[in-house]
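Thanks for coming. I will go through one model, starting with the totals and then moving to single elements.

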Amino acid sequence: EIEQEISNVWEGYSNKQCSLLAASAVTNFCVLYASSLAHSLEVLHRDLSSIERIVVAAYLLHVVQWVQQELRADLTEAMDLVTALMFGDNGETIVSNLPH
């Protein structure tokens with residue numbers, strides 16, 4: 001939804017339906033909103049503390065669940081493993097600096 005909103009506003013700008021200022025303001029609002037959602041996720045679910053982990057949870061939850069079942073791992077261990085396999089190094093993009 002957020003990505004579509006940004007696409008729509010910039011399409012509107014290119015069709016001269018809105019100003020550069022309006023397109024920029026909508027884009028900035030969408031980025032702040034997405035950031036707010038990411039911070040809320042982290043507060044509610046510590047396992048979603050980085051962009052990589054959010055992507056794994058959103059798109060690879062079935063793999064995480066399989067790892068939990070096959071390796072008898074808890075959610076955190078399974079998320080760690082799948083995130084490491086998907087993204088290689090542990091240079092995760094931390095969403096915020098909440099104490100862990």
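To begin with the totals: of the 100 residues in this protein, 24% count as buried. Keep in mind that what you are looking at is a predicted model. The accessible surface is about 7200 Å², and carbon and sulfur atoms account for 58% of that area.

Next, the secondary structure. The protein has five helices and zero strands, so going by the definition of these elements as DSSP runs, the order from the N terminus reads α-α-α-α-α.

On contacts, take the pairs of residues at least 6 apart in sequence. Of the contacts between them, 52% join residues at least 24 apart.

Now to the single helices. How far apart are the end C-alpha atoms of H1? They are 19 Å apart, which agrees with the expected 18 Å, because H1 has 13 residues and the rise is taken as 1.5 Å a residue. After H1 comes Lys 16, and its phi is positive, near 60°.

Helix H2 covers residues 20–44, which makes 25 residues. From its first C-alpha to its last, H2 reaches 36 Å, close to the 36 Å expected at 1.5 Å a residue.

Which residues of H2 are buried? They are Ala 23, Thr 27, Cys 30, Ala 38 and Glu 42. Buried here means under 20% relative accessible area, and Glu 42 is on that list along with the two alanines, Ala 23 and Ala 38.

What covers these buried residues of H2? The cover includes helix H1, residues 2–14, and helix H3, residues 51–59.

That is where I will stop.

Definitions and conventions. Residues numbered from 1 in each chain as written. Predicted model: local features only at pLDDT ≥ 70, side-chain atom pairs only at ≥ 80, totals over all residues. Heavy atoms only, no water. Helix = DSSP H or I, 4+ residues; strand = E, 2+ residues; numbered from the N terminus. Expected span 1.5 Å × (residues − 1). Buried < 20%, exposed > 50% of the residue type's maximum accessible area, 1.4 Å probe, protein only. Contact = heavy atoms within 4.5 Å. Areas by Shrake-Rupley, 256 points an atom, 1.4 Å probe, with all protein chains shown as cover.
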